[in-house]
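Colleague: I have a few questions about how the helices sit together here. Could you walk me through your reasoning?

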Amino acid sequence: MRASVLWDLAAVFAPLSLLAFGGGQSIVADIDHQALAHGWMTQAQFVDLFAISRAAPGPGALLATLVGWKAAGWVGAAVASLALFVPSSLLAYAMAALWRRFDGHPAAHAIETALAPVAAGLLAAGAVAVVRASSGSLVVWAIAGVALAIFMARPKLNPLAVLAAAGAAGALLG
Amino acid sequence: MNLEADGRVPLRELALLFGRIGLLSFGGGLTAWVHRETVVRRPWLDDKEFLSALMLAQILPGSNVVNLTIYIGRRLRGPVGALVSVVALLVPPMALVVVIAALCASLMADATVHHALEGVAAGAAGMTLSVGVRSLRAAMGGRVWPLAVGVGVVAAIGLMRWPLVPTVAAAALAAFALAWRARTHAR
């Protein structure tokens, strides 16, 4: 029984690892669906875990760790995490090695120049999507705007102070 | 910054740095943290290489910041560096997130806690936006077309929510065409 849960976790998360284009967000709906279909948790519990994975430090993909933990304890957490992170990480390592081999090549330079603004735009779009996925209230947008202004003016500033102030502002004004 | 005798970044420093990012990045914004620690505060990567690595991390499947960390760890200390960096980034917050889920799942339903967490996430989004603006500025290098491409991507994906893969493919093609045109005009 327990072994079969671990097997199920690996079978759910390993394929998703290589399907998670655009970061972790794209597979959240599928994780939700599978977690309910396997009877690992209720929808309300999934929503709780999703909220925790967003609020806690670390990448949002730690949602997989939480689902594994809910399904089969600490061993489940380890199995789900390995299944989600190892396949994509091996691919990323291989591609990083390949990419560095072409370092300095004119074609690589042309690709870098052309795609740099796409990468910058995607990063900013991800931040906009995060704000929109929240309540998206005026307060939330204002906090993001003020934080943007502060980090533009003082890039070396310790982010923790700004994040703490942002949390306090959210609690007081939200 | 301490370097080893041969000028390489010590593995210990990679472990401590990525461990710190993993544990302190409340509300997300990890890519911005990585930029701050490896480009702004340490001379490990320049903006151009960071953007190139970020592009690769975004195109490939998997968590962007995990892919980015693997690139940087590998670039600085080879396979062992990649492994040390990614384990340091993931394992401490994994343990923490489970402890949080075990102890205070019910706390998340509290309205004030919810608003505070939204505020932190908005602050982290502002931090990420600042790196996006800075990177776009670095990508422009005095040209106009990169600005058009960057703003177009933000509008299409961030605001209009067009599907990611075809939108990025179209933006990349447009960027190639514009870069090519700018190059031939410059001659």
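Colleague: Which residues in α5(B) meet which residues in α6(B)?

Modeller: Happy to help, and bear in mind that this is a predicted model. On the α5(B) side they are Leu136(B), Ala139(B) and Met140(B), and they meet Pro146(B), Leu147(B) and Gly150(B) in α6(B). By class, that contact has 5 nonpolar residues, 1 polar and no charged.

Colleague: What makes the one residue polar?

Modeller: That would be Gly150(B), because Gly is counted among the polar residues.

Colleague: Why is α5(B) called roughly antiparallel to α6(B)?

Modeller: The two helices, residues 111-140 and 145-159 of chain B, pack at an angle of about 150 degrees, with axes 8 Å apart. Angles over 145 degrees count as roughly antiparallel, so α5(B) is roughly antiparallel to α6(B). Their crossing is right-handed.

Colleague: And why is α5(A) called roughly parallel to α6(B)?

Modeller: Helix α5(A), residues 106-133, crosses α6(B) at roughly 30 degrees, and the axes come within 8 Å. The cut-off for roughly parallel is under 35 degrees, so α5(A) is roughly parallel to α6(B). This crossing is right-handed too. The contact includes Ala116(A) and Val128(A) of α5(A), with Val149(B) and Ile157(B) among the α6(B) residues. It has 15 nonpolar, 4 polar and no charged residues.

Colleague: How many residues of chain B are in contact with chain A, and which helix gives the largest share?

Modeller: There are 83 residues of chain B in contact with 82 of chain A. The largest share of the chain B side, 23 residues, comes from α5(B). By class, that side has 56 nonpolar, 23 polar and 4 charged residues.

Notes
Residues are numbered from 1 along each chain as its sequence is written. Chains are lettered from A and ligands numbered from 1 in the order in which they are written. This is a predicted model: local features need pLDDT of at least 70, side-chain atom pairs count only at pLDDT 80 or more; totals for chains, interfaces and linings use all residues. Axes are lines fitted to C-alpha atoms, for helices over the stretch in contact, and angles run from 0 to 180 degrees between N-to-C directions. Helices (H or I, at least four residues) and strands (E, at least two) are DSSP runs, numbered from the N terminus. Angles under 35 degrees count as roughly parallel, over 145 as roughly antiparallel, 65 to 115 as roughly perpendicular and the rest as oblique. A crossing is left-handed if the near helix is turned anticlockwise from the far one by less than a right angle, and right-handed if clockwise. Two residues are in contact if their C-beta atoms, placed from the backbone, lie within 7 Å.
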